[in-house]
Amino acid sequence: RAQSWRQGYTVWAGMRAAHLDRCIPELELPNVDRIPLDVTNEADVAALQVRLQNVTLAALVSNAGIAHKIGHAAYDEDTQRLFNVNVFGAMRVFSACLPALVRSGGRLLLIPSFLR
């Protein structure tokens with residue numbers, strides 16, 4: 001959470017590059033750094049893993065997610081994107097962060113999206 005900066009933590013707020021310059025008042029705080037992170041982009045996830053090599057990671061809060069109605073066409077493009085973000089994206093980020101979490105005794109908080 002962005003409020004963790006009050007406890008002396010540095011918070012990395014990962015977001016798609018298109019949103020890095022967006023005005024988000026909750027992120028305009030000391031010790032909050034925005035980093036490019038599209039959970040569907042292997043290069044972004046690899047860059048996160050490199051960034052974590054010598055870092056104490058107290059927690060990973062993963063809340064990337066999208067939602068849409070799933071109709072009868074179970075394998076349409078929207079459904080594939082939903083799974084790429086909500087399932088495989090979460091797995092990519094968790095896998096990238098796992099060594100730092102284990103090394104630091106950190107915690108994982110996964111906030112999944114939902115299907116409507």
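Is Val-45 buried or exposed? Let us start there, keeping in mind that this is a predicted model. Val-45 sits in helix α1, which covers residues 42–51. With a relative accessibility of 6%, Val-45 counts as buried, because the cut-off for that class is under 20% relative accessible area. If you follow the chain onward from Val-45, you come to Cys-97 52 residues later, and the C-alpha atoms of the two are separated by 9.2 Å.

From this buried residue, let us move to the surface. Here you can find a nonpolar patch of about 430 Å², made by Phe-94, Leu-98, Val-102, Leu-108 and Leu-110. Two elements each bring at least two residues to the patch: helix α2, running over 77–104, and strand β4, at 107–110. Of the contributors, α2 gives the most, with 3 residues. One patch member to pick out is Val-102, which lies in helix α2. Its relative accessible area is 62%, so Val-102 is classed as exposed, the threshold being over 50%. The two valines make a handy pair to view side by side: Val-45 is buried at 6%, whereas Val-102 is exposed at 62%.

Helix α2 also takes us to our next stop, the largest pocket, since α2 supplies at least two residues of its lining, as do β1 (11–15) and β3 (59–62). This pocket holds about 1300 Å³ of space. Its lining counts 41 residues, and those closest to the pocket centre are Trp-12, Ala-13, Gly-14, Val-61 and Asn-63. Strand β1 provides the largest share of the lining, with 5 residues. What is the lining like by class? It has 25 nonpolar residues, along with 10 polar and 6 charged ones.

Finally, follow the chain from β1 into the loop that leads to β2 (32–36), where you will meet Asn-31. The backbone deserves a look here: the phi of Asn-31 is near 70 degrees, a positive value in a residue other than glycine. For context, most residues other than glycine have a negative phi. How does Asn-31 stand in terms of accessibility? Its value is 38%, and Asn-31 therefore counts as partly exposed, since that class lies between the limits of 20% for buried and 50% for exposed. Asn-31 thus adds a partly exposed loop residue to our tour, after the buried Val-45 of helix α1 and the exposed Val-102 of helix α2.

Conventions
Residues numbered from 1 in each chain as written. Predicted model: local features only at pLDDT ≥ 70, side-chain atom pairs only at ≥ 80, totals over all residues. Heavy atoms only, no water. Patch = residues over 30% accessible without salt bridge, like charges linked within 9 Å, V, L, I, M, F, W, Y side chains within 5 Å. Areas by Shrake-Rupley, 256 points an atom, 1.4 Å probe, with all protein chains shown as cover. Salt bridge = Lys/Arg side-chain N within 4 Å of Asp/Glu carboxyl O. Helix = DSSP H or I, 4+ residues; strand = E, 2+ residues; numbered from the N terminus. Buried < 20%, exposed > 50% of the residue type's maximum accessible area, 1.4 Å probe, protein only. 1 Å grid on protein atoms, 1.4 Å probe; cavity = no way out; pocket = protein on both sides within 12 Å on 5 of 7 lines; lining within 4 Å. Points joined across faces, edges and corners; volume = space filled by probe spheres on them. Nonpolar A, V, L, I, M, F, W, Y, C, P; charged D, E, K, R; others polar.
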